[in-house]
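I sat down with this entry to look up a few local features one by one, and I note here what I found for each.

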Amino acid sequence: MTAVLPCPSFCAGHDDFDGADPDEPVLHAGPELSVTIAGSAASRSADVIVQLNALDQTGQDRKIYIELVVGRSFTEMSPAQADQVSRHLIAGAELLDTGAPTGAYPQRRAGDAGRISGPGTVRPRTHWTVAVDGPVTGAMVTVKLFVPQGLSSNGATLLLGITGRIAGLEMIKLTSTEARHIADRLSHCSAPDNHT
């Protein structure tokens with residue numbers, strides 16, 4: 001039988017636990033913290049959602065995890081993984097804002113010419129990847145900063161991507177403000193004080 005633990009302070013509701021199977025896990029879902037993304041044509045949803053959850057299962061400690069939803073895809077990550085993603089989003093936002101990316105990026109090498117060429121070609125210049133818990137094997141959250149070749153950082157783009165079951169790698173373009181808002185929500189959910 002699933003141990004009856006008190007709801008965590010963030011619990012805003014439960015799964016459809018009907019009591020038919022006493023060993024059925026109990027999911028405590030926190031509120032959905034959403035960030036509206038302007039001009040997100042790459043996604044069916046105009047929101048990125050961050051949600052803190054807890055799962056109680058028979059014979060196991062309560063599992064605290066953070067769900068990140070981008071478009072039609074979602075990922076589950078530990079608080080430590082969410083904190084890493086948050087830090088990468090902030091770093092990407094700072095690079096996007098300061099204009100530092102142009103000077104910080106390595107110059108094109110001769111070996112790059114065959115792979116990427118032509119005016120307006122976009123190259124990833126800064127790329128962070130965090131392996132996360134699920135829902136699929138090998139799931140990742142990716143933060144990428146792209147700068148169009150031959151342009152200043154004014155043409156830079158910040159992307160957030162997650163591996164999902166339905167859409168493969170779902171990516172969404174972010175402004176620095178949107179990246180900071182998502183990072184803030186991830187940080188809030190990763191804070192140990194919010195897990196009780």
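The entries below go through a strand and its neighbouring loops, then a helix, then the cysteines.

**Entry 1, threonine 75.** I began by reminding myself that this is a predicted model. Threonine 75 sits in strand E6, and I looked up whether the residue is buried or exposed. With a relative accessible area of 0%, threonine 75 is buried, because the cut-off for that class is under 20%. Leaving out residues up to four places away in sequence, I found that threonine 75 touches Ile66, Glu67, Leu68, Val132, Gly134, Pro135, Ala139, Val141 and Ile162. I also noted that a polar atom of the threonine 75 side chain lies 2.6 Å from the backbone oxygen of glycine 134.

**Entry 2, the peptide bond after glycine 134.** Since glycine 134 and proline 135 both appear among the contacts of threonine 75, I looked at the bond that joins them. The peptide bond between glycine 134 and proline 135 is cis, with omega at about 15°. Proline 135 itself is placed in the loop between strand E7 (122–131) and strand E8 (140–148).

**Entry 3, serine 78.** I then moved to the loop between strand E6 (73–77) and helix H1 (79–98), where serine 78 is found. Serine 78 has a relative accessible area of 19%, and the limit for buried is under 20%, so I entered this residue as buried. Apart from neighbours within four places in sequence, serine 78 is in contact with Ile66 and Asp133, and Ile66 is also listed among the residues that threonine 75 touches.

**Entry 4, helix H3.** I checked the length of helix H3 (residues 176–190) against expectation: at 1.5 Å a residue its 15 residues should span 21 Å, and the end C-alpha atoms are 21 Å apart, which agrees. I next asked which residues of H3 are buried, and the list reads Ser176, Glu178, Ala179, Ile182, Ala183, Leu186, Cys189 and Ser190. These residues cover an arc of only 160° around the axis, so they lie on the same side of H3.

**Entry 5, cysteines.** Cysteine 189, from that list, has 2% relative accessibility and therefore counts as buried. I looked for disulfides as pairs of cysteine sulfur atoms within 2.5 Å, and the count comes to zero. Cysteine 7 is in no disulfide, because its nearest cysteine sulfur, that of cysteine 11, is 3.9 Å away and the cut-off is 2.5 Å. Cysteine 7 is partly exposed, with a relative accessible area of 43%.

Key: Residues numbered from 1 in each chain as written. Predicted model: local features only at pLDDT ≥ 70, side-chain atom pairs only at ≥ 80, totals over all residues. Heavy atoms only, no water. Buried < 20%, exposed > 50% of the residue type's maximum accessible area, 1.4 Å probe, protein only. Contact = heavy atoms within 4.5 Å. Expected span 1.5 Å × (residues − 1). Arc of directions from axis to C-beta. Polar contact = N/O pair within 3.5 Å; in protein donor to acceptor, adjacent residues only side chain to side chain.
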